[in-house]
Amino acid sequence: MRVLGVDPGLTRCGIGVVDGAPGRPLRMVGVGVVRTPADAEIGPRLLLVEQGIESWLDEHRPDLVAVERVFAQHNVRTVMGTAQASAVAMLCATRRGIPVTLHTPSEVKAAVTGSGRADKAQVTAMVQRLLRLDAPPKPADAADALALAICHIWRGGATDRIAAALAKAAPPRPPAVRPSSVRAPRGATR
């Protein structure tokens, strides 16, 4: 499975591509950051993020895109930019028919380090170790994107298989009952 992880942001949007499967060694395919100028208007910045993500999708052709789920922060402006960059990543993948999964920061930290409260340095160190890299990926946004991809390979794949098995084992659902749009003839009472 090839997963493209996206750590959304307007100034720095981390991108990481990892190949792997649960229980097998992981391999980093690529890592980088899409940068936009902080003093530019929001529209052109989102366009740059979109062009950067599209380029990564063209080059690496992932099976799935894993995006960090945006959570409320104290700085509304920051969370809005992060949410907008996240939406761009989801749109780019969905436009191509690539499934998108969202993972919370604590879920990613727990998958990679064993603790949902790990700090950025611990996440970066574990990403370096798990991918057998000579140096830690920089900046932290790039390491976080790789961590997202690793999290999905380890957790998302299992979750997808469980959901598929449950759907297969579930009894068939009765067809949905929809209100009739047929009108009664004139003069008839209901």
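Helices (H or I, at least four residues) and strands (E, at least two) are DSSP runs, numbered from the N terminus. With that in mind, welcome to the tour.

What you have open is a predicted model, in which local features need pLDDT of at least 70 and side-chain atom pairs count only at pLDDT 80 or more, while totals for chains, interfaces and linings use all residues. Residues are numbered from 1 along each chain as its sequence is written, and side-chain values use heavy atoms, with hydrogens and water left out.

**The whole protein.** Start with a cartoon view: you should find 5 helices and 5 strands, in the order β-β-β-α-β-α-β-α-α-α along the sequence. Of the 190 residues, 38% are buried, meaning under 20% relative accessible area with a 1.4 Å probe and protein chains only; exposed is over 50%, and partly exposed lies in between.

**Stop 1: Arg12.** Select Arg12 in strand β2 (residues 12-19). Arg12 counts as partly exposed because its relative accessibility is 35%. Now show Val34: it is 22 residues from Arg12 in sequence, yet their C-alpha atoms are 5.7 Å apart. Next, show the side chain of Asp141, which makes a polar contact of 2.6 Å with the side chain of Arg12. Such a contact is a pair of N or O atoms within 3.5 Å; within protein, one must be able to donate a hydrogen and the other to accept it, and residues adjacent in sequence count only if both atoms are side-chain atoms.

**Stop 2: helix α2.** Select residues 76-95. At 1.5 Å a residue, the 20 residues of α2 should span 28 Å, and the end C-alpha atoms are indeed 28 Å apart; the expected span is 1.5 Å times one less than the number of residues. Color the buried residues of α2, among them Val79, Ala85, Val88 and Cys92. Their cover includes β1 (2-7), α1 (42-60), β4 and β5 (100-103), where contact means heavy atoms within 4.5 Å. Just after α2, click on Gly97, whose phi is positive, near 80°.

**Stop 3: Glu68.** Finally, move to Glu68 in strand β4 (residues 64-68). Which side chain of opposite charge is nearest to Glu68? It is Lys120, 6.3 Å away, and Glu68 is buried yet has no salt bridge. A salt bridge is a side-chain nitrogen of Lys or Arg within 4 Å of a carboxyl oxygen of Asp or Glu. Lys and Arg count as positive and Asp and Glu as negative, with His and the chain ends not counted. Leaving out residues up to four places away in sequence, Glu68 touches Val6, Asp7, Pro8, Ser86, His103, Pro105 and Leu148.
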